[in-house]
Each structure stands twice: as C-alpha cells, then as structure tokens.
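Trainee: I have just opened this structure and would love some help finding my way around. Could we go through it together, one question at a time?

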Amino acid sequence: MDTLWAKHDGPDEWHPLVAHSADVAATLEMLLKHTRLGARMARLMGREKLKNVHVQRLCVLAALHDAGKANPWFQNRSSDQGRTCDHVTPVVHMLHGREQWARLAETMALEKLHHWFGDEWATMDWLQLTWSHHGRPVAVEQPDKNLWPDDSLKRLSRFLDWARRWYPDAFHGEAPPLTSPPVQHLFNGVLTLADWMGSDTDLFELDPNRTEPDAAIDKARELATDALDDVGLTVPRKIDGSLSNLLGGYEPYDIQEAIQSLPASPEGTLTVLESATGSGKTEGALGRYARLLEKERVDSMYFAVPTRAAAKQLHQRIETIRDRMFGADGPPVHLAVPGYLKVDDVEGTRFGWQVRWDEDIGPRGWAAESSKRYTASPIAVGTIDQVLMSTLKASHAHLRLAGLAHSFLVVDEVHASSAYMNELLQQVLSLHHDMGGHSLLMSATLGAEARSDFTGEAVPEFDDAKAQEYPRLTHVNGSTLTDPDQPDAPGGNEKTVEIDLKGWMRASTEGEDAPSQELKSVAQRAQRAASEGAHVLVIRNTVAACQSLFDEIDDQYALHVEREGRTVATPHHSRYCAADRACLDNRIKTAYGKNEEHGVPTRTLDHGVITVATQTVEQSLDIDADLLITDLCPMDVLLQRIGRLHRHNREGQRPTAYDTPRCIVLTPSTPTLKASIDPDSGKGYPGPGLGSVYPDLRMIEATWTALRTRARSETPLNIPDDNRTLVEEATHPDQLSGIGTEEEWRQHAQTIRESEREDVFAALNNLIDRSQPFLEKTNRFSDERPKTRLGDEGIVVALPDEMTTPFGHPVEELTLSPYHFDRTDRPDNGEASRTIPTDDGFAFTFGGEDFTYTALGIQKQ
C-alpha cells in the first residue's frame, strides 16, 4: 500500500503518487505507440520504427517525472503543517555535486540506467531534462543540506521499483543508447504533453484507492487510451477524402488534384504551392491532409495564417470540410487564437483556470483551453505565431514542438516577410522535415528568391524566374527535390485590373490645423464611388494614416458597427481591444463577404459603403470590394490587397461604373523615393509607412517603376497571368541591385543588408538549437520572452475601473502601441492613472500621456 499523494483537493479527494506516475507514464506510452510521435522520434534516431525497448525506457523516465513529490516537505502541503517546498527543487538539487549525486544514484539504483543513455553523466542529463517538464529547463544549484530530512530519500527507491514492474523490457532488453540531442528535445515536449493530460482530472479522475502499482498501471493504460481518443489525438483513418466530396460535389481544379497526388515519403515532405488568390488553395491543402491521414503519415493538422481575423474567418470553412471528410464522428476544429475560446461552433467562457463551454462538449475542447496546447489540437486554425514559438527559447516551446511534430503543417500567405520571421520559419520547417513531418506552404505572391530559402533550390536569373510556370508546385519528397507536373490554372478567377496612380499619399494630418489637400482628394474619390453604390476598400500603411482619412469620410458612407440599437461608424485596424476587433471582423465579413444564397454571392447592403483599414484586411480575409484604393507598398503585398478586389462573381450586383476592377494606388508626390532616404543612416524616413512598415525602399521603388510603366502605356494588370512577372520585377535580387546608382541608393542597400543580417542574428540568438543537447548553455531560457515578429511589443495597460468600449464591451485592460511614446523613455506595463467615461468611449492617462478610446480606436491626444 502506498499513501504518498500527487494531487490533493481535500481529505477524500486526492490521487496517490503511484497512480499519477502510472497515468503520465501510460499516456507517454500511448502517445509513442498510437500516434505518429513514436515514428517522429524514430526518424530523429535514423530508424524507421522506435524499438519497444526505447519506448519502455522513455516510459520509465516518465514514471520518474514527479519523483520530487515524495519529499516529506512537499507532502506537508496537503495539511499546511510544517515546512513545505515544491516538488522539483528536491530532486534537481540532488544532481549538484558528486556527493549528492552518489546518494541519489545509490538510493534509486540508477547505475542500471547508465547504458541506456551512454554513461553516468548522460543519465544525469536525461533525469534533469525529465524534471524540466514544466515548460523550461531547470537549473541545478547548490542544494540545501536538509532537503531530505532523516531517511526520507529512501522513498525515491520505490519509483524504480514501480517502473521495473510496469516496463520490464527497459531493464532486460537490448537497444542502442539514446544519445541524439533532437530526441532529447522532442522527448521533453512529449513528456510535457503527457503530464498535462495525465494531470487533467477530467481525463484521469482522482482516485484515492488506486494505491497498488499493478492496478495503477492497468487502470492508467485504460484511461490513457480513452484520453487520446477523447481529446482527438487518435483520429479515424477511414474517411472520404475524395476531392469531389470535400468540395461538396463540385469538380476539383487541376491544382487541387495535383497537390493531393504528390508522393508522401515517410522521410517527410515539404511542398510549396504558388497560385492566385481564390484558386482553391485552402481546399487543396485539406485534400492533401486527407491523403496523408489515409496513408497514416500524420495524425492532425495545424493551419497557420498571418492574422487573427484570417484565422477566425477560415475556421468555419475548415469545419464544413471536416464534416464532409469524417461525417458525424470527426475530430474537433479548434480556433487557436488567444482571446478566443471556440471549438467547432461552440464558444467558451474563462473563469480563472476553468473554462465553461456553452454546450457539453466533454474533452473535445481540451487543447483549445490553453494557447500552450494549441498545437496539440486535432485540427487547429491559428496564427503563424504559435508555430514560430515552437522553435524559440520561450515557455513551453517543447510542448508546442510535440504537437506540431505529428501534424500536417500548413502555412498560408507566405511571401517575402521579414528576415527575422523567415529565419524562424525555416528552422521550424527544417526540424519538422527531419522528423519525417509533412508541410505545405501556400502563396499567391512568392518570389523565386523567397522560395529558394525554403526549398534549397538555386535562385534562377531574372528572365528565367519570370518565365517559370504559374501556378507552380515545388515538392521536396524525402531528401529529393522533385519536378512534379505543373497544374493548369483554374479558370474563372481572371480579372483585368486598371491601375490609376495618384500622388495623394500622406501619412496623416496629426498636428495640422486642417486636413491636407491630398487627404481631401482621397476622401472625395472614395465618397464619389460610394455615392454611386460601390463597396469601397481603402488600405493605408499606418494606423495614423487610416485614422486621419477616416476623419474625412462622411458618416453616411462609412462602415458601421451596431451597438445597443444604434450604429457606430468605424475604421478597421489593430488598435482596439479583442472584443471590439471581433465586432469589426464580423462586420466587414458581413458587409464585404461572399454571403452565398443558393450558391450565389449576395450583397447584404443595398447602398455604397467605405471601409478605411490597414494591413488587418489584406491577407486571407474572404472579402470583396468594387473599388480598391491603397497606399503604395511592395508588389507582393499590393497583389494581396488586389486579391480583395472583385474577388467574387457578382454579376448584376456591382454599380455599372465599377464592373471593371480598378485599383487606385496612392503614391508620393515626388518622382522617386530617393528623397525619402536619410543621408546619415541610410534608412527610409517613416513617412507614410515607407521606411518603417516597409523598410526596403528598393522594393517599393521597383514596384512603383513597374506600375508606372504599365500606367503610361495604359496596360492593365492581368491577374493572375501577370503575377509571376510583377513579383519578380519587384523582388528579384537582379532587379533590386539595379535600383539607382546614386550614393543614396547604395547607402540604403548597404543599410538594408546590415539590418537583415542583424535580424537573422537576432533570430538565431532566440532559437533553441536542437542540434545541441537540451541542457546546453546556449539553450538556456531568459526571463524575457522572445518575439515571433520583430518590432516593439505593445504595452499592456490595466484600467483602475472597468470601462465600456465604443462598441459596448466591458474592458479592464488595453494594449498600447509603443510608438505612442519616445523610444528612449517608454514605460513598462502598468496601470492607468485615471479613466473618464465619455459620450463615445472613454479617456485615460498612462505614462504621463492622455489617450482616448473611441470608435476611431485608441489615440494619443
């Protein structure tokens, strides 16, 4: 009989330590045996399959994961009497110094483990990484001599006694030692996942009677098997993955069939799909997932998109296809976005650590209840940030890695992003492939150089790059870069876009007594179109420019959000609280979305409307405008924005004057961007986002040149036929090297190169190096959380009183842009010094500055 406790919630509500050790060990066992995680670990060892001896040895470590709970001072915590301590410190500190280690090794008979890992020192490392299952590596420090009073250290001997009974082959079988650093990292993540599951009382109920070791492991294996099924980590393999079924009876495009038919080596695959917006890439990705699932190459899927709004909109589409694929018994689809709690169409509410779901969904929402567990979802739709965090020295990175390891990883809207994010994503994909994982990158606007970063192929010369097929599939099958047959472009998505360049680009009128003539001109052009019944979308590069223009838009044409029986005119950008952002996303989706009725796209507004927005609407959102007005930006970004123009076939629904897609591009009034280069630093002046939001002015200049050439000859853009040429004209290194011969341009090019090198160095400095052991000094975590995107993070401001937002939501904290403050004197997170309700929101003071929160968003006064 063993009466040490592991979980305690009252005299009759407790869980024996032997039972919890069995629960976590059995969960790890089932994860390695019944999901692809075992195969992923085997690939890292250069094997096709994990030997049973290896499985059992890793399960022995799992049985030891909470050995520190045997400490009498930890056990005192159940009665709040006597000295207490945590459960990690007592065991980790036994690894400090030869004398302490000798006592631990003798007590637990650890010499039996040395050949499992290579030698005595390796055994110490594996124990330390086992006891580092709370999200980060634990340090070994000088111990308190009294951590194990009297003869209490002897309690540790029972853990190995349990493990011998549960996993005898670990001690008697033969297998090569576990020496691979990547295996260490993956094991830590899988163990952490097993501990999260084994500690959940909804999956493993407290049972004070489960004190016999044999009964404990038998019950644990039964519960662990059920737990994997309940949370959706083991999914049905018998599905209807045919494209005609996934598409609801529609005939698949050639590109969708091509993706699904690609080979799937057990050594892993990486696919890059370049195709136009609206060409069915999302459905093609789900067809690939179905095929990989049928072949038992993956267990789950994480669909990563650039923005929260895009994830929210995509969630329902994937849910619909999930129903077709699996029928009534399909795995849950989770919205993996912090601030939201949604599984399928069921929403939840958080109460402290607990989540209450609107319907009884049981454990189906388990992975959605914490952002740390998002990647463990059966099917998740979330932002790219959660993926990138799996490779950063950030809390629970290894848990995120374990979730992604057996998932089909889809990354949508990949293009020439920052060098920092590019490096992080390359590291994620490299390890994912090394484990035998399968991934798909999708883009409408990927240049040859950016593609080569992911596939390793040589960058073709400019003329050759322009001549490459579009759509295009690039497929790395195992270690081989293949040359698949290129699919035909789907018909029906072609559009001829007239480009009109206007020198009306101004950042804002902040600090000016009256609006500029340029700002008035943009507002007048947008209002003229709206007065003619058009749905107008205006995209500015900065929030300040967005807010300034919105101030000039007549309320009768502006997008409105309903609030308590009235409507509030509003722009669309990032400086709102989460609840208000959700309202904005829903509203623009309703006003500009497809809104099909009997298969026909339908407009919900019978009048013209203007939405003034920032980059929050340019990617992934399925919205459709009659007229697009946009600031000048890099070509790949511009094509993303044009993807929101005439996106759907609305025959007879558009005003006659806007039957032809038209994009008005706002440009500087100067003939070149050379004047925007700071002669001292070589950087671009911030201005209207050129130099700050988009730092490489060479790409902007090349984009402007390409557009100006076509405008002068009155040559429209033929989308998607011109996509390849347009992107290469503005991103290919041969083109960028030819931008300007003046000293200003040479200095700017050098500054950009130096900046990109710094960004790559910053990424490498923040990365977990999984080629090195888990406990390597370079893999130590700092207290500061590394970023997934470069740029200063927001400043979290707590409000002294709960306030009501402009859209009627209660709010207790906000996030301020750091750019509201001087870079050398930016405050830390803190509390506002005052809050004052106003007719259209509220005002507050923070860091010595006054702010308002109105329908325009958060603004500094």
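Trainee: At roughly what angle do the axes of helix α9 and helix α12 cross?
Mentor: Keep in mind that this is a predicted model. Helix α9 covers residues 157-166 and helix α12 covers residues 213-231. Their axes come within 10 Å, and the crossing angle is roughly 60 degrees.

Trainee: Are α9 and α12 parallel, perpendicular or oblique to each other?
Mentor: The roughly perpendicular range is 65 to 115 degrees, and angles under 35 degrees count as roughly parallel. The axes cross at roughly 60 degrees. The two helices are therefore oblique.

Trainee: Which residues of α12 meet α9?
Mentor: The crossing of the two helices is right-handed. From α9, the residues taking part are Trp-162, Arg-165 and Trp-166. By class, the contact has four nonpolar, no polar and three charged residues. On the α12 side, the partners are Pro-213, Asp-214, Ile-217 and Arg-221.

Trainee: Which strands stand at the edges of the sheet β27-β28-β29-β30?
Mentor: This is an open sheet of four strands with antiparallel pairing. An edge strand here has a single partner, so one of its sides is left without a neighbour in the sheet. The edge strands are β27 (834-838) and β30 (857-860).

Trainee: Which residue in β29 stands opposite Ala-843?
Mentor: Strand β28 (residues 841-846) runs antiparallel to strand β29 (residues 849-854), and five bridges join them. Opposite Ala-843, in β29, stands Thr-852.

Trainee: Are the residues on the two faces of strand β5 buried or exposed?
Mentor: Strand β5 spans residues 333-336, with Val-333 and Leu-335 on one side and His-334 and Ala-336 on the other. Both faces are covered. The state of these four residues is buried.

Trainee: Which residue in β9 stands opposite His-334?
Mentor: Strands β5 and β9 (residues 379-383) run parallel and are joined by four bridges. The β9 residue opposite His-334 is Ala-380.

Trainee: How many residues of helix α27 are buried?
Mentor: Helix α27 takes in residues 723-731. Among its buried residues are Asn-723, Arg-724 and Glu-728. The helix is largely enclosed by the rest of the structure, because the buried count out of nine residues is eight.

Trainee: What separates the C-alpha atoms of Arg-83 and Glu-728?
Mentor: Arg-83 is found in the loop between α4 (72-75) and α5 (89-92), while Glu-728 is one of the buried residues in α27. Along the chain they are 645 residues apart. Their C-alpha atoms are separated by 68 Å.

Trainee: Which proline follows Ile-719 through a cis peptide bond?
Mentor: The omega of this bond is about 10 degrees. The proline's place is in the loop between β23 (717-719) and α27. The residue joined to Ile-719 is Pro-720.

Trainee: Is Asp-150 buried or exposed?
Mentor: Asp-150 is found in the loop between α8 (120-130) and α9. Its phi is positive, about 55 degrees, although it is not a glycine. Exposed means over 50% relative accessible area. With a value of 76%, Asp-150 is exposed.

Trainee: And is His-646 buried or exposed?
Mentor: His-646 lies in the loop between α25 (635-642) and β22 (662-666), and its phi is also a positive value, near 50 degrees. Buried means under 20% relative accessible area. At 13% relative accessibility, His-646 counts as buried.

Key. Residues are numbered from 1 along each chain as its sequence is written. This is a predicted model: local features need pLDDT of at least 70, side-chain atom pairs count only at pLDDT 80 or more; totals for chains, interfaces and linings use all residues. Side-chain values use heavy atoms; hydrogens and water are left out. Axes are lines fitted to C-alpha atoms, for helices over the stretch in contact, and angles run from 0 to 180 degrees between N-to-C directions. Angles under 35 degrees count as roughly parallel, over 145 as roughly antiparallel, 65 to 115 as roughly perpendicular and the rest as oblique. A crossing is left-handed if the near helix is turned anticlockwise from the far one by less than a right angle, and right-handed if clockwise. Contact means heavy atoms within 4.5 Å. Ala, Val, Leu, Ile, Met, Phe, Trp, Tyr, Cys and Pro count as nonpolar, Asp, Glu, Lys and Arg as charged, and the others, Gly among them, as polar. Two strands pair if DSSP finds at least two bridges between them. Buried means under 20% relative accessible area, exposed over 50%, partly exposed in between (1.4 Å probe, protein chains only).
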